[in-house]
Amino acid sequence: MTTPERSEKLGIWTKIGFGLGDIYGGGASMIISFYYLHFLTDVVRINPTLAGTAFLISKIYDAVTDPFEGVLTDRTRTPMGRRRPYLLGGIILVFLSFFLMWYPVNYASESGRFIYTIATYLFFSTTVSIVMISYNALASELTLDYNERTSLSSIRIFFSSFSSILAAVIPLEIVKWFPNDIRTGYTVMALCFGIFYALPFLATFFATKERPEFQKKPKPFNLRQTFIAPFKVRSFVSVLLMYLMSFVAMDTVSSIVIYFMKYYIGKGSITNYVNGALLITQVASIPFYVYLSKKTSKRTSFLVGCAVWMFSLFFSFLLGPSSPTWTLYAFAVAVGAGTGGIVVMIYAMFPDIPDIDELQSGERREGTYSSITSFMRKFSSAIALFLVSNALTLSGYVQPIEEVVNGVQKIVEQAQTPQFILFLRLLFIFGPIFFLIFAIIFALRYPLTASIHARLNEILEKNRKGVALSTAEQQEADYLKHLLIG
């Protein structure tokens, strides 16, 4: 009989096949973070406030749909499993929703362009929910081993970061192929990346296998138990707030970096390469953080990443229009060395949460936790983009205008005010630092370690087999509930 530790080891094909699925999650979100607000204001040409409103409307919609999509996957029972059918069926939706969102409509009416933006962004948001909630939930089922989940997450983040690098560098390069027709450039980009994000889910579908013991008949649906009880789990709340605070910090920077590079530094043409340098460093740092996690804990590794990023941000005070190009790349490398630890550890922590919940609920609710996390992430991102976009307007941002130059209709950028430039510099530095401080506070409250998780797994294994706990084991279970759940 194999030992529980060996039985939880994953084959390399399973890890790679699963990791390929986050080409979509990492890449699509990165393109949106870096370029979508700019695309809406400077290509589709809608007011920044309207762009932010579109993000906010989509998240109000997600507040209704996301939780129920998570419950749906938890309660799905098919020969293919609970999660994999949605990955297979979502392939065509991934392509269509991404293409339509980035199609640069040119309606004469700004209200028409605004309505199209809302409709296509809602379609995209729905697709992300259907596919990524199922994908994220699958991570908890593939292995129950604490360190093996870190290994699985590191491979996932490798593919996610690889996709993010391409998302940071390639889209603008494709657009540059059409210097006289920027709209055609974005159309071609949308077509190429839509295909690139859709196809890897075939590998994820065929390489993974769900656990049959997790597909027992679910308990009757209870609204309060499903949507309220998770927020009473101390460990979940801690890791959720670590996630939201640190990723909103990333959203704040990534949404304005193209404005920062273009209007303050004066080197907007290399924005994608600077982003690429950051993401390459992020990938390169993953082995270090995985090693640190195994030697200490996931929490410690996360805290180190936060500290590195915060320290590096202060170097942006030294950047300016006269800065040598190499200093921009050096700054990006320093930031990437910190964000790498944040990203890989967050995605290594979340698969442990359904184990903690099972101790109390007796059910496997990966989909529920994935949907709550997905909604909270998208909502926080939308709030961040809404606030940033409105701040751009209030600080005096001057939109490009459309003119006919030598018989060709072109989008012409305008000079920005000193007030706007000052706002960019301050937000670029202090915006992420503000959120990272809170991420660190919540990380210090996160209690789960490798040894505690091993003790938790022993109790859960007996519960799944219906074996009665001894007095000592029941005391252990009660202690773990108090520590992890509260």
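This report describes two individual residues and the nonpolar core of the structure above.

The model is predicted, so that local features need pLDDT of at least 70 and side-chain atom pairs count only at pLDDT 80 or more, while totals for chains, interfaces and linings use all residues. Residues are numbered from 1 along each chain as its sequence is written, and side-chain values use heavy atoms, with hydrogens and water left out.

The table sets out two residues by helix (a DSSP run of H or I with at least four residues, numbered from the N terminus) and by relative accessibility, where buried means under 20%, exposed over 50% and partly exposed in between, with a 1.4 Å probe and protein chains only.

| Residue | Helix | Relative accessibility |
|---|---|---|
| S153 | α8 (residues 146–176) | 4%, buried |
| I60 | α4 (residues 48–75) | 53%, exposed |

A polar atom of the S153 side chain lies 2.9 Å from the backbone oxygen of Y347. Leaving aside residues up to four places away in sequence, S153 is in contact (heavy atoms within 4.5 Å) with V344, Y347 and A348. For I60, the C-alpha atom is separated by 9.9 Å from that of K378, although the two residues are 318 residues apart along the chain.

The largest nonpolar core (buried Ala, Val, Leu, Ile, Met, Phe, Trp, Tyr and Cys residues joined through side-chain atoms within 4.5 Å) has 138 residues, and those with the most contacts inside it are Y24, F98, W102, Y197 and F302. Helix α12 (residues 234–265) supplies the largest share of this core, 20 residues. Beyond residues up to four places away in sequence, Y24 touches several residues, among them V94, F124, Y197 and F201.

Key:
Polar contact = N/O pair within 3.5 Å; in protein donor to acceptor, adjacent residues only side chain to side chain.
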